[in-house]
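The following exercises guide a new reader through one molecular structure. Please keep the sequence and the model in view while working through each solution.

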Amino acid sequence: MIEVPHHLAGRHLTRINDFSSEELRDTLDLADRLKAAQKAGEPHELLPGKVLGMIFHKPSMRTRVSFETGMAQLGGHTINLREEEIGLGERETARDIATVLSRYVDAILVRTFAQEHVDELAEYASVPVINGLTDQTHPCQALADLMTIRERFGTLSGIRLAYVGDGNNVCRSLMRGASKFGMRFIAATPEGYEPRHRSIDETRQVAIQRGGTVELTNDPLAAVEGAQVVYTDTWTSMGQEAEHDRRLRDFAGFGVDDDLVARAGDDAIVMHCLPAHHGEEIEEDILYGPRSAVWDQAENRLHAQKALLALVVQ
């Protein structure tokens, strides 16, 4: 039976900074063990009878399926709560929802727009609250990303990661996670699409303490020079559909194509958190090509989140 440490029991994950470097490493280590156990067909029902309540205000495929599958493989169950059933912040306050759900379920997953709603649920819930995505952060994606990079290179320390595109929720969470492991992170965005500068200053200090770096640039070609990881995401996130045409113009030259990838290191991998828009932020032949780690990355959402659940729901 897989041994699970108890020091994270009851903890929330509202943003990647909720966990220290050591706690993130513990999560990745357990994710590796759970992935190996699943591949070997070894049972690992670490959460028998436990229930995860899932609140979805944004549509989802990977988040919903990976958490539902993960809980089933851990011996637990899920309850999917649609927006019209919850009305977070409208039909009912976050405080009331958190208080009631804490009497029914063993953990709460929420995928919504406002980070404030996740934070308020965590403030009042007596069970762990997990952020499945907000407009500001995406910590579960960052866990899977870090797991994938470590699988490919055997380490995170010193790895040069070039993020090319919008300085969005994925970029911010990945940047903060990378800083905690001493990675060399650089984000190349068009002017006006950079991550917030306050978070940059704080994250850069963490990276320096770990032997890493955090940089910003508006030049995607310079960013990927010698990079071991080239990472991109959609240019138009959920809720930004009206900006699509303008964003296509603003992001011209930031697509991950053969010319861009050729500037990266010989061993470089390409990552994308999906869904992908072929011919916009990434070319189809790159997405399905030999450098792509995208499908391992998508699979690792399952394993990283199972580790998270096993650690906080005990």
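**Exercise 1.** How many of the residues of β5 are buried?

*Solution.* The model is a predicted one: local features need pLDDT of at least 70 and side-chain atom pairs count only at pLDDT 80 or more, while totals for chains, interfaces and linings use all residues. Residues are numbered from 1 along each chain as its sequence is written, and side-chain values use heavy atoms, with hydrogens and water left out.

Step 1. Strands (E, at least two residues) and helices (H or I, at least four) are DSSP runs numbered from the N terminus. A residue is buried under 20% relative accessible area, exposed over 50% and partly exposed in between, with a 1.4 Å probe and protein chains only.

Step 2. In β5, 5 of the 5 residues are buried, so the strand is largely enclosed by the rest of the structure.

Step 3. In a regular strand, side chains alternate between the two faces of the sheet. In β5, Arg160, Ala162 and Val164 point one way, Leu161 and Tyr163 point the other way, and all are buried.

**Exercise 2.** Determine the strand order of the sheet that contains β5, and identify its edges.

*Solution.* Step 1. Two strands pair if DSSP finds at least two bridges between them. Such pairing runs through backbone hydrogen bonds, either parallel or antiparallel.

Step 2. On one side, β5 pairs with strand β6 (residues 184–188) in the parallel sense over 5 bridges; Val164 stands opposite Ala188 of β6. β5 also pairs with β8 in the parallel sense, over 4 bridges, and the bridge partner of Leu161 in β8 is Val229.

Step 3. β6 pairs in turn with β7 in the parallel sense over 5 bridges, where Phe185 has Val214 of β7 as its bridge partner.

Step 4. The outcome is an open sheet of 5 strands in the order β7-β6-β5-β8-β9, with parallel pairing. Its edge strands are β7 (213–217) and β9 (269–272), each of which pairs on one side only. Direction ignored, neighbouring strands of this sheet are turned by 20 degrees against each other on average.

Step 5. The connection from β5 to β6 includes helix α7 (residues 169–179), and the three elements make a right-handed β-α-β unit. Right-handed here means that, with the strands pointing away from the viewer, the path from the first strand over the helix to the second runs clockwise.

**Exercise 3.** Describe the surroundings of strand β1.

*Solution.* Step 1. Strand β1 (residues 51–56) is mostly covered, with 6 of its 6 residues buried. Val51, Gly53 and Ile55 point one way, whereas Leu52, Met54 and Phe56 point the other way.

Step 2. β1 pairs with strand β2 (residues 77–82) in the parallel sense over 6 bridges, and Phe56 stands opposite Arg82 in β2. With strand β3 (residues 107–111), β1 pairs in the parallel sense over 5 bridges; Gly53 has Ile108 of β3 as its bridge partner.

Step 3. Helix α2 (residues 62–73) joins β1 and β2 in a right-handed β-α-β unit.

**Exercise 4.** Which aromatic pair links β5 with β8?

*Solution.* Step 1. Rings of Phe, Tyr and Trp (its six-membered ring) pair if their centres lie within 6.5 Å; planes under 30 degrees apart count as stacked, over 60 as edge-to-face and the rest as tilted. A search of the whole structure finds 5 aromatic pairs.

Step 2. Among them, Tyr163 and Tyr231 are stacked, at 5.6 Å centre to centre and 25 degrees between the planes. This pair links distant parts of the chain: Tyr163 lies in strand β5 (residues 160–164) and Tyr231 in strand β8 (residues 229–232), 68 residues apart.

Step 3. Tyr163 is buried, with a relative accessible area of 0%, and Tyr231 is likewise buried, with a relative accessible area of 0%.

Step 4. Another pair is formed by Trp235 and Phe251: the ring centres are 5.3 Å apart and the planes are at 15 degrees, so the pair is stacked. Both Trp235 and Phe251 are buried. Tyr193, Trp235, Phe251 and Phe254 form one aromatic cluster.

How values were computed. Axes are lines fitted to C-alpha atoms, for helices over the stretch in contact, and angles run from 0 to 180 degrees between N-to-C directions.
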